[in-house]
Each structure stands twice: as C-alpha cells, then as structure tokens.
Amino acid sequence: MRNIPTDLLRAFVTVIDLKGYTRAGERLGRSQPAISLQIKRLQDLIGAPLFEKDSGGTLLTENGQLVANYARRILSLNDELVVKLSRRQLGGRLKIGLPNDYADHFLPLLLADRRARNDGAGFDVVCDLSANLFAAFREGGFDLIVAMSEGSAAEGAWMSWRQPLSWVGLPDEAVDEDGVLRLVAYPEGCLYRRAMLAALQRDGRAYDIVYTSPSLAGLEAALTTGFGVTAFSRDILPPKLVGLAHPTAGMPVLTDLVAGIYLRPGKTSAHVESLAARIADLFAASAHDMVA
C-alpha cells in the first residue's frame, strides 16, 4: 500500500486553487521549482498525469479530478486533527482583526466553518481601519489580522495578494449641477479613501466629500440612495452593493492595494495557522467566483 504525503496533496490543491505554480509557491513558502518537483513526485506516486499536457498546467485530467476530490477530504481531516490536538495549547480565545468590508464578507463563512468543524475553538473579532489594525498588531493586540497596505505588503506578511479597487455607486446621480462629484468615504486614514482622492486629484476632477462614516452600513445607505460614490475592494463588494457597481468609463483609474494576512510573531499555533489558511482559501474562492 502506497502512502501519499499530505505536503504533496497540499501543493497540488494550492496549484489548482491559485491557478499557477509560482503563486502556489508564494502561498506555501516554497520556490516554483520546488512546487513543480512536488507535483512530479505526486504524479509518480499516482502513476498517472494530473494535468493535461497542453493546458499549461491548469486543466486537470480525469485522474487529476479524482485525486483533487480525495486530496481536499484528506487535508480537511488532517487540519481538523491538528487543530483539535492543539486546543489544549491555545491559551484562550484568539483575537483577530479585520477591515469592515472583509468582516462583512468573511465572518459569516468563518463562523459557518467553525460550526461545521465543531472544534470548540473560539475567537474574538475587532473591525477597524487597516492602519489601526497594524498599530495594535505591532503592540501584540492581535493573534491574526487581515489588513491592506499601499505598494507592497508590510513586513512579515504570512501571505499577500493584489487587491484591485472598484468605483461603487451611481456616478450619474452623484454629480452636482456644477460638475462636482459627491463622495462618501470611511474616515481619514482609510486606504480606500486615500486611493480614491489620489485618483481624482491626478485627473484634476472636482469632488466634495459629503458623507463620512466608520460604519459599512452607513456607507451602504448613502450609496444605495445615490447620495454619492466611493471605492471598495472589487473582489469582495458587500452583497447590497454588487448591483451598484458601475462601469469605470469616465472615472479615473484606481491604484491597486495589497492585502495581507499577518500572524503574531513567535506566538503562532496550529490553530492560528489553520485559521489563516482558511481565510486564504475563502479569499481565493471569492476571487474565483468574481472572475467566473
């Protein structure tokens, strides 16, 4: 009976989810050649190719689809076991920090996943601007945060990805008679706000911030009534705002941000890493749904 190492299965599933060896290596902390060797070793153990030769390594063979289904089940059981074994070492509830719109998108999924796993592990959540989350994280206030930065990920990111922005609202209704664009925004310090204002200033577009709120619900209320427009992460638009997403014709191009997952240095556990992996998987699935 052959034994298939879980690290090979995890590399295989990650390549599938992220659609590439390089991105899989970035997720798993390995080089692209190392990931390629893992996939080759897995194919040798299986005794059959997992990807179609002419697909550039993205289209699964029939055997590849079968292996992928079993791999996800095996990895799920593996991670569940590791989490349950580590519960005695958790030392209390985890504290995680999320930007408002990330919490709105991911928190219901994380809670459903926790109930499904039934591992008894709990966590507390704080929603705030990324700048405030970083400040508290550096002082040891969080076990894990998801936060955004400009240009590149902050030092020590466990994982990071480009986060494209999108104009949201009804631009045709948000322009005054004198041509001034009305904006709604999070308070000063928000990177969405900063990217939005930089784009408008770069294009010499007249604007006026007519509504500011730290609450996502408050921004949604202003946007759904046509009171103004704003910028949000394109891949995780709040459900109420998906229908308001407007083509960017006539609107300045927004610069991408970089989102990252950060784990408390020197204080990580199997449970923290499992939670980080679950958030990463949820984001990859959400981005795929948006593309589809």
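This text walks through a predicted model, from the whole chain down to single residues.

Start with the overall make-up. The chain holds nine helices and nine strands. Of its 292 residues, 46% are buried. Contacts often reach far along the sequence. Take the contacts between residues at least 6 apart: 75% of these join residues at least 24 apart.

Now go to the beginning of the chain, where three helices pack against one another. Two packed helices are described by the angle between their axes and the distance between the axes. Helix 1 covers residues 6–18, and helix 3 covers residues 32–46. Helix 2 sits between them in sequence, at 21–28.

Take helix 1 and helix 2. Their axes come within 8 Å and cross at roughly 125°. An angle of 65 to 115 degrees would count as roughly perpendicular. Helix 1 and helix 2 are therefore oblique to each other. Their crossing is right-handed. Helix 1 brings Arg10, Ala11, Thr14, Val15 and Leu18 to this contact, and helix 2 brings Tyr21, Arg23, Ala24, Arg27 and Leu28. By class, six of the contact residues are nonpolar, one is polar and three are charged.

Next, helix 1 and helix 3. These two pack at an angle of about 115°, and their axes are 9 Å apart. Helix 1 and helix 3 are therefore roughly perpendicular to each other. Here the crossing is left-handed. On the helix 1 side, the contact uses Asp7, Leu8, Leu9, Ala11, Phe12 and Val15. On the helix 3 side, it uses Ile35, Gln38, Ile39, Arg41, Leu42 and Leu45. Nine of these residues are nonpolar, one is polar and two are charged. Ala11 and Val15 appear in the contact with helix 2 and again in the contact with helix 3.

That leaves helix 2 and helix 3. Their axes come within 8 Å and cross at roughly 100°. That makes helix 2 roughly perpendicular to helix 3. From helix 2, Tyr21, Thr22, Ala24, Gly25 and Leu28 meet Gln32, Ile35, Ser36 and Ile39 of helix 3. This contact has five nonpolar, four polar and no charged residues. Ile35 and Ile39 of helix 3 meet helix 2, and both also take part in the contact with helix 1.

Two residues in this part of the chain deserve a closer look. One is glutamine 38, in helix 3. Is glutamine 38 buried or exposed? Its relative accessible area is 8%, under the 20% limit, so glutamine 38 is buried. Beyond its sequence neighbours up to four places away, glutamine 38 touches Asp7, Leu8, Ala11 and Arg30. Asp7, Leu8 and Ala11 belong to the helix 1 side of the contact with helix 3.

The other is lysine 19. This residue lies in the loop between helix 1 and helix 2. Most residues other than glycine have a negative phi. Lysine 19 has a positive one, near 55°. Its relative accessibility is 44%, so lysine 19 counts as partly exposed.

Now turn to the interior. In soluble globular proteins, nonpolar side chains tend to be buried together. In this model, the largest nonpolar core has 55 residues. Those with the most contacts inside it are Tyr102, Leu144, Tyr192, Phe232 and Ile261. Apart from this core lies another, of 18 residues, among them Leu8, Ala11, Leu50 and Ala71. Leu8 and Ala11 are also residues that glutamine 38 touches.

Follow tyrosine 192 in the largest core. Leaving out residues up to four places away in sequence, tyrosine 192 touches Asp101, Tyr102, Met148, Leu165, Tyr186, Ala231, Phe232, Ser233 and Leu257. Tyr102 and Phe232 are, like tyrosine 192, among the residues with the most contacts inside that core.

Finally, look at two pairs that are separated in sequence. Leucine 109 is in helix 5, which covers residues 100–117. With a relative accessible area of 36%, leucine 109 is partly exposed. Leucine 109 and leucine 282 are 173 residues apart in sequence, yet their C-alpha atoms are 7.9 Å apart.

The second pair starts from arginine 182, found in strand 6, residues 181–185. Arginine 182 is buried, at 14% relative accessible area. From arginine 182 to aspartate 208 is 26 residues in sequence and 5.1 Å in space, C-alpha to C-alpha. Beyond neighbours within four places, arginine 182 is in contact with Glu173, Ala174, Val175, Asp176, Asp208, Val210, Gly226, Phe227, Gly228 and Val229.

Note on methods: Residues are numbered from 1 along each chain as its sequence is written. This is a predicted model: local features need pLDDT of at least 70, side-chain atom pairs count only at pLDDT 80 or more; totals for chains, interfaces and linings use all residues. Side-chain values use heavy atoms; hydrogens and water are left out. Axes are lines fitted to C-alpha atoms, for helices over the stretch in contact, and angles run from 0 to 180 degrees between N-to-C directions. Helices (H or I, at least four residues) and strands (E, at least two) are DSSP runs, numbered from the N terminus. Angles under 35 degrees count as roughly parallel, over 145 as roughly antiparallel, 65 to 115 as roughly perpendicular and the rest as oblique. A crossing is left-handed if the near helix is turned anticlockwise from the far one by less than a right angle, and right-handed if clockwise. Contact means heavy atoms within 4.5 Å. Ala, Val, Leu, Ile, Met, Phe, Trp, Tyr, Cys and Pro count as nonpolar, Asp, Glu, Lys and Arg as charged, and the others, Gly among them, as polar. Buried means under 20% relative accessible area, exposed over 50%, partly exposed in between (1.4 Å probe, protein chains only). A nonpolar core is a set of buried Ala, Val, Leu, Ile, Met, Phe, Trp, Tyr and Cys residues joined through side-chain atoms within 4.5 Å.
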